[in-house]
Amino acid sequence: MKIQAIVFLTFLSFMNVMVSEATTVKDIKLTDMDTLELTHEWDKTFPQSNKVEHSKITFHNRYGITLAADLYKPKNAQGRLAAIAVSGPYGAVKEQVSGRYAQTLAERGFLAIAFDPSFYGESGGTPRYLTSPEISTDDFSAAVDFLITRDDVDPERIGIVGICGWGGFALNAAANDPRIKATVTSTMYDMSRVNANGYFDAMSVDDRYELRKQLNAQRTEDYRKENYELNGGVVDPVPEDAPLFVRQYHDYYKTARGYHRRSPNSNEGISKTSSLSFINMPILFYIGEIRSAVLMIHGSEAHSRYFSEDVFKRLKGNNKELLIIPGANHVDLYDNLDVIPFDKIDEFFREH
């Protein structure tokens, strides 16, 4: 093992020398990113709070993609504040669920940002409507990069909130980024598991092979057409035999309750071949190594409840908690202020 370690360190040293000889820091212009056109009107799916200052900001991730975000700050706040970055659900935009969470947390004294993931919403990145295990995870750490360098943020008090599929990305980020001091997941999905195994792990190895064939055939077709076919978003109209949770998604994304013109789920969806990388890359492999605090929240009646329960069993330490909300379904935790436990989330972030 010592020999292997020496060889690895030698390799890293060699690579550092090669990089330093090939380029200098001034050659890598991290600020030369795309300029985004942001909407400055209030176009959220929730009312604006008079307790919070709202502004539009941008930041970039390690891949050179510029991300757009809404920043919410308590009015008349002084000094350095604890800060929280929020994103999700999977296929949603910051004008929907994440913005509601961020604004509510700002009302409670936190500086909070709700950001659009790379490739959709107002954020940059091409091709459009793509998701990636690596880049989607890095978006959270990129948000931390932005927050940690602000004069009004305490760099030792930064947390994240991931909702639905972004709950999985949040945990993946927490496992990789010790700057994140506390993580909340709400109604979490493990996107790797559901893409590889289907709901309730109903897919067989043969099923997965057939799915790979279909997706790679789609990849060929996309290349021919020079266009990425989308998955159609939330089904509309809802078939009579659709599962209850599909109806619940429709009730949020396709009605005045939660519809937004930039939301993939509300419109034509995410690229079909995005599933390929999730099938092949488990995003939650190292979550047992998360040392910071984690609060996982799920509804007792949510079809997705098993994701949080199974993931929670793999977390270690006495600073991890699973909170099941009686009677709540998956989308209740999107926007139902009588159900979302903001008092608990507030208490958790203040403690950790």
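Is Gln103 buried or exposed? Gln103 is buried, since its relative accessible area is 6% and a residue counts as buried under 20%. The structure is a predicted model, and every value below is computed from it. The text starts from the whole chain, moves to the sheet and the core, and then returns to Gln103 and two serines.

The protein chain contains 11 helices and 8 strands. Its radius of gyration is 20 Å, close to the 20 Å that the globule rule gives for 352 residues, so the chain is as compact as a globular protein of that length. Measured out along the principal axes in the model, the C-alpha trace spans about 65 × 55 × 45 Å. Of the 352 residues, 53% count as buried. Contacts often link parts of the chain that are far apart in sequence: among those between residues at least 6 apart, 73% join residues at least 24 apart.

The strands are a good place to begin. An open sheet of 8 strands has the order 1-2-4-3-5-6-7-8, and its pairing is mixed. Strand 1 and strand 8 (320–325) are the edge strands, each pairing on one side only. From one strand to the next, the twist averages 20°.

At one edge, strand 1 (residues 52–60) runs antiparallel to strand 2 (residues 66–74), and 9 bridges join them. One of the bridge pairs is Thr58 with Ala68 in strand 2. These two strands form a hairpin with 5 residues between them, and Gly64 in the turn has a positive phi of about 80°.

Elsewhere in the sheet the pairing takes the other sense. Strand 3 (residues 81–87) and strand 5 (residues 153–163) are parallel, paired over 6 bridges. Here Val86 has Val161 in strand 5 as its bridge partner. Helix 3 packs on the sheet and touches strand 1, strand 2, strand 3, strand 4 (111–115) and strand 5. The direction of helix 3 makes about 155° with that of strand 5.

The next topic is the nonpolar core. The largest one has 90 residues, of which Phe59, Tyr101 and Ile345 touch the most other members. Helix 3 gives the most to this core, with 7 residues. Tyr101 shows how parts distant in sequence meet: leaving aside neighbours within four places, Tyr101 is in contact with Val86, Val161, Ile163, Ser186, Leu333, Tyr334, Ile340, Phe342 and Ile345. Val86 and Val161 in that list are also the bridge partners named above.

Tyr101 is one of the buried residues of helix 2. Helix 2 (residues 97–107) is mostly covered, with 10 of its 11 residues buried. Polar residues are among those covered, including Ser98, Arg100, Gln103 and Thr104. After helix 2 comes Gly109, whose phi is positive, near 110°.

Gln103, the residue of the opening question, lies in helix 2. What lies 3.0 Å from a polar atom of the Gln103 side chain? The answer is the backbone oxygen of Pro47. Setting aside neighbours within four places in sequence, the contacts of Gln103 are Trp42, Phe46, Pro47, Gln48, Ser49, Val52 and Tyr72. Pro47 therefore appears both as a contact and as the source of that backbone oxygen, around a side chain whose residue is buried at 6% relative accessible area.Two buried serines complete the tour. Ser136 is placed in helix 3 (residues 133–148). With a relative accessible area of 5%, Ser136 is buried, because a value under 20% counts as buried. The side chain of Ser136 reaches the backbone oxygen of Ser132 at 2.8 Å. Not counting residues up to four places away in sequence, Ser136 touches Thr131, Trp166 and Phe169.

Ser186 is found in strand 6 (residues 182–186). Its relative accessibility is 0%, so Ser186 counts as buried. Beyond the neighbours within four places in sequence, Ser186 is in contact with Tyr101, Gly162, Ile163, Cys164, Ile297 and Leu333. Tyr101, listed here, is one of the core residues that touch the most other members. The C-alpha atoms of Ser186 and Phe146 are separated by 23 Å, and the two residues are 40 apart along the chain.

Technical notes: Residues are numbered from 1 along each chain as its sequence is written. This is a predicted model: local features need pLDDT of at least 70, side-chain atom pairs count only at pLDDT 80 or more; totals for chains, interfaces and linings use all residues. Side-chain values use heavy atoms; hydrogens and water are left out. Helices (H or I, at least four residues) and strands (E, at least two) are DSSP runs, numbered from the N terminus. Buried means under 20% relative accessible area, exposed over 50%, partly exposed in between (1.4 Å probe, protein chains only). A polar contact is a pair of N or O atoms within 3.5 Å; within protein, one must be able to donate a hydrogen and the other to accept it, and residues adjacent in sequence count only if both atoms are side-chain atoms. Contact means heavy atoms within 4.5 Å. A nonpolar core is a set of buried Ala, Val, Leu, Ile, Met, Phe, Trp, Tyr and Cys residues joined through side-chain atoms within 4.5 Å. Two strands pair if DSSP finds at least two bridges between them. Axes are lines fitted to C-alpha atoms, for helices over the stretch in contact, and angles run from 0 to 180 degrees between N-to-C directions. The radius of gyration is taken over C-alpha atoms; the globule rule is 2.2 Å times the number of residues to the power 0.38.
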